[in-house]
Amino acid sequence: MDALINPNPVVHERKARRARAPPAAAAPDGREPIDAGEVYDHIRDIVDPEHPYTLEQLQVVEEERIDVDDAAGAVRVLFTPTVEHCSMATLIGLCIRTKLLRALPPRFKLDILLTPGSHATEAAVNKQLADKERVAAALENGALLDMLADGDAAAAMGNALTCFERGHWDSHHHCNARFRPAPEPAQDMDQPLSHYFISSGHNSYLTGNQLTSDAGTATIEAGLRLGCRVVELDVYDGPDGEPICTHGGTFTSSECVQAIARCGFAASPFPVILTVENHAGREQQAVMAAHLHKLLGAALFVPPPPGGAGAGSGSGGAGSGGAWLSPAALQHKVLLRMKVKPGAGAAELEELVYIRNSKIAGYDVAAGPDAPASHSLPDNKLPECPEYEAFSAPGGGGAGARAASLSGALRGVVKSASGRGAAASGGGGGGADGDAADVAAARDELALAGERDDTLTSGGGGAAAAAAGGEALPASLRSAPLASVLAYTAKHLVRCYPSGWRMVNNSNPNPCAAWALGASLAALNWQLWDEPMWTNTAFFSRFGACGYVLKPAWMTGAIPAGGLPPPEARAPRDLVATIYSAHIAQARARRAGAAAAARRQAVQAPTTRARAAQGRRVGVVKDDPYVELKVKGLPCDACCVRTGHASDTGRLVVDETHRLRVTFPSLAVLLVLLKDRNVGTADDVLGYAALPLATLAPGEYKLALSKPYALKSHAAEHRGMWVKLRLAWEQPPAA
């Protein structure tokens, strides 16, 4: 809509809501009579679709224009649009009818009509509002239901439209403050690139899943606008001498570079790293160089030649003194990261490469390359580095250690069950149900300990990596001490990317595993919007979402013996979280995974008792909500707690307090998840909020939750979904 239908409506004062006395006598059949005042209270707080005012404030509805015949079961409402040519008249009428259909007992017949003479197409609008099929469609319209579910007024009325419970239910009316992160001082942007965590993308040229989606610029542009600083392209030889980014389809590399030129610095002035997986032949490498010069212009960073002014001690790749230049020195620049094939056409491209990609041989800095370099490895080949577990809790062994032991227990259960199943295949299958229960219980415990199920097949880098289709790492790399790994990643730009098996299940790795080792680039598939992406986005929301977060000093300075930070850098604190209540509208099925899709096919109906109390026989998708809190961070901080659940409702009142031990809040993110408890399938995430613990301000908050669907839903808070809670930092109790 280009212009408002009524840009200057007259806004009237709201009337005080009258206290309603109980009826002097009930009807013979036990029902309570309904009058015009009660009907008016139901519809007065509906928000106008064009302005942030209620229908009462705009005098679209008035109590004087409502007629109720309780004995005959008839309700007649006249409404008056603010202008006679209002194109929203039908929508307003549908809102009123839908609200009353859900709020009033089924014995009432509704007539929703325009006030005579108030609209140019009065007859046509009245006919549409009487159309049963149109009204039925309105009951399934998500945008319409979201309009009516918005605001505290709907909650005070019991969400008569979107929930089948009526009346006051949440006693925490004082808890309505939006979350505001605590201020933090500006970070130092003058250190070498390798001293920062950098928000990174993987296969950025894909627009969907990793196997069959088309190539395009949508993910590149969306990621850059959200602060992503690393874009990855896979470049191949194309027809007519034009390099292409291909993955089942064809897309020219020049169009991807144009997208970087358009959006590269929309969210942050700090450098964009263009990492290229180079499959092009020697001839088309020169074409690539020409495209980069032409399309990026002055934004393309051309490193000084070896030995020239500003050159490092090695060939290319580093600034003065053999170290990377700083983000501040590289503002509004695009840096090229790739490996160039030698031969004809290589020289033109070689002179543009600032970050040279090579294979890692070991984490010994002294034995490694003198000049800073860059290395890539998949998430299933990261070093194990168990040193963090030494101080995860008093006496050693915190959430991460517990997860490790549970992981081993689960493997034992699965192995035992497999053995018994093989033995039973020759005759009888006794014990299968018990085995399944043991596995389910172990997996549930494992999830509560903070370890993802996929680490059972991807963690470590040894046998697990081979089982996942990757090459097992040498023992020297898998078991490298943490001190060596941190010293190496402080000098070199290490990139961790999703392993090949994740292309099959279309998932992302936990970026915290890479950050724990000091890896600057934890590359994620931005085409997804999953838990690792929520964690990544929250972590990089600090410092104006510039895409760069400075590593802790103990990761980049003089690395302590054993790799562990000094005591002053690891004083644990308890995050005390009291969850009061939560809410989600129960009007329609949500796209929260396969389980939700199946649930849409089996819509439940309210019980007879609920119908009597709530007034209307209507089918609805119901949830069994509970709240889950997860700390995503270093292995010693990873933990998960859950509240109790409520059944067949959109309302949860728990008033539960949980303590979560956090040692490194600057590297941690708190996920607040509203989930739907399922039986036999994975629980659905209904909504989430992700908060960086580095800027967590104590207080009581009403967290508006976001939908867990796709990249486009980032920061799109669902208007009928929230969690009320109290967050505070406390010193751990004395042992």
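In this predicted model, helices H7 and H8 run roughly parallel to each other, because their axes cross at roughly 20° and anything under 35 degrees counts as roughly parallel. H7 covers residues 218-225 and H8 covers residues 253-263, and the two axes come within 9 Å. As for handedness, H7 goes past H8 in a right-handed crossing. On the H7 side, the residues that do the touching are Ile220, Glu221, Leu224 and Arg225, and on the H8 side they meet Cys256, Ala259, Ile260, Arg262 and Cys263. Sorted by class, this contact has six nonpolar residues, three charged ones and no polar ones.

What sits in the loop between strand E4 and H7? Ala215 is found there, with E4 spanning 196-201. Ala215 has a relative accessible area of 12%, and it counts as buried because that value falls under the 20% cut-off. Along the chain, Ala215 and Tyr205 are ten residues apart, yet their C-alpha atoms are 5.3 Å from each other in space.

A second pair of helices can be looked at in the same way. H2 (89-103) packs with H3, which takes in residues 122-129, at an angle of about 35°, and the axes are 10 Å apart. The H2 and H3 crossing is right-handed. H2 brings Ala89, Thr90, Gly93, Leu94 and Arg97 to the contact, while H3 brings Val125, Gln128 and Leu129. By class, the residues where H2 meets H3 come out as four nonpolar, three polar and one charged.

H2 also turns up in the surroundings of H1. How many of the eight residues of H1 are buried? The count is eight of the eight, so H1 is largely enclosed by the rest of the structure. Spelled out, the buried residues of H1 are Ala36, Gly37, Glu38, Val39, Tyr40, Asp41, His42 and Ile43. The packing partners of these buried residues are E1, strand E2 (74-79) and H2.

After H1 (36-43), the loop leading to strand E1 (66-69) holds Gln59. The phi of Gln59 is near 55°, which is a positive value in a residue other than glycine. Is Gln59 buried, partly exposed or exposed? With a relative accessible area of 33%, Gln59 is partly exposed.

Phe543 is another residue with a positive phi, about 55°, although it is not a glycine. Phe543 is in the loop that joins helix H19 (531-539) to strand E14 (548-550). Its relative accessible area is 22%, so Phe543 counts as partly exposed, given that the buried class stops under 20%.

Two further loop residues come with a list of what they touch. Thr695 has its place in the loop between strands E20 (684-692) and E21 (699-706). Thr695 is buried, with a relative accessible area of 5%. Leaving aside residues up to four places away in sequence, Thr695 touches Phe179, Pro181, Ala182, Glu184 and Arg542.

Pro481, for its part, lies in the loop between helix H15 (475-478) and helix H16 (482-491). This proline has a relative accessible area of 43%, and so Pro481 is partly exposed. Which residues does Pro481 touch, not counting those up to four places away in sequence? They are Cys385 and Glu387. Pro481 and Glu387 are 94 residues apart along the chain, but their C-alpha atoms are separated by 8.0 Å.

Stepping back to the whole protein, the secondary structure adds up to 22 helices and 22 strands. The protein has 735 residues, and 53% of them count as buried. Contacts between residues far along the chain have a big share here: among contacts with a separation of 6 or more, 72% join residues 24 or more positions apart. As for the outside, the protein exposes about 30,800 Å², and 55% of that area is supplied by carbon and sulfur atoms.

Notes:
Residues are numbered from 1 along each chain as its sequence is written. This is a predicted model: local features need pLDDT of at least 70, side-chain atom pairs count only at pLDDT 80 or more; totals for chains, interfaces and linings use all residues. Side-chain values use heavy atoms; hydrogens and water are left out. Helices (H or I, at least four residues) and strands (E, at least two) are DSSP runs, numbered from the N terminus. Buried means under 20% relative accessible area, exposed over 50%, partly exposed in between (1.4 Å probe, protein chains only). Contact means heavy atoms within 4.5 Å. Accessible areas come from the Shrake-Rupley method with a 1.4 Å probe; for residues, only the protein chains shown count as cover. Axes are lines fitted to C-alpha atoms, for helices over the stretch in contact, and angles run from 0 to 180 degrees between N-to-C directions. Angles under 35 degrees count as roughly parallel, over 145 as roughly antiparallel, 65 to 115 as roughly perpendicular and the rest as oblique. A crossing is left-handed if the near helix is turned anticlockwise from the far one by less than a right angle, and right-handed if clockwise. Ala, Val, Leu, Ile, Met, Phe, Trp, Tyr, Cys and Pro count as nonpolar, Asp, Glu, Lys and Arg as charged, and the others, Gly among them, as polar.
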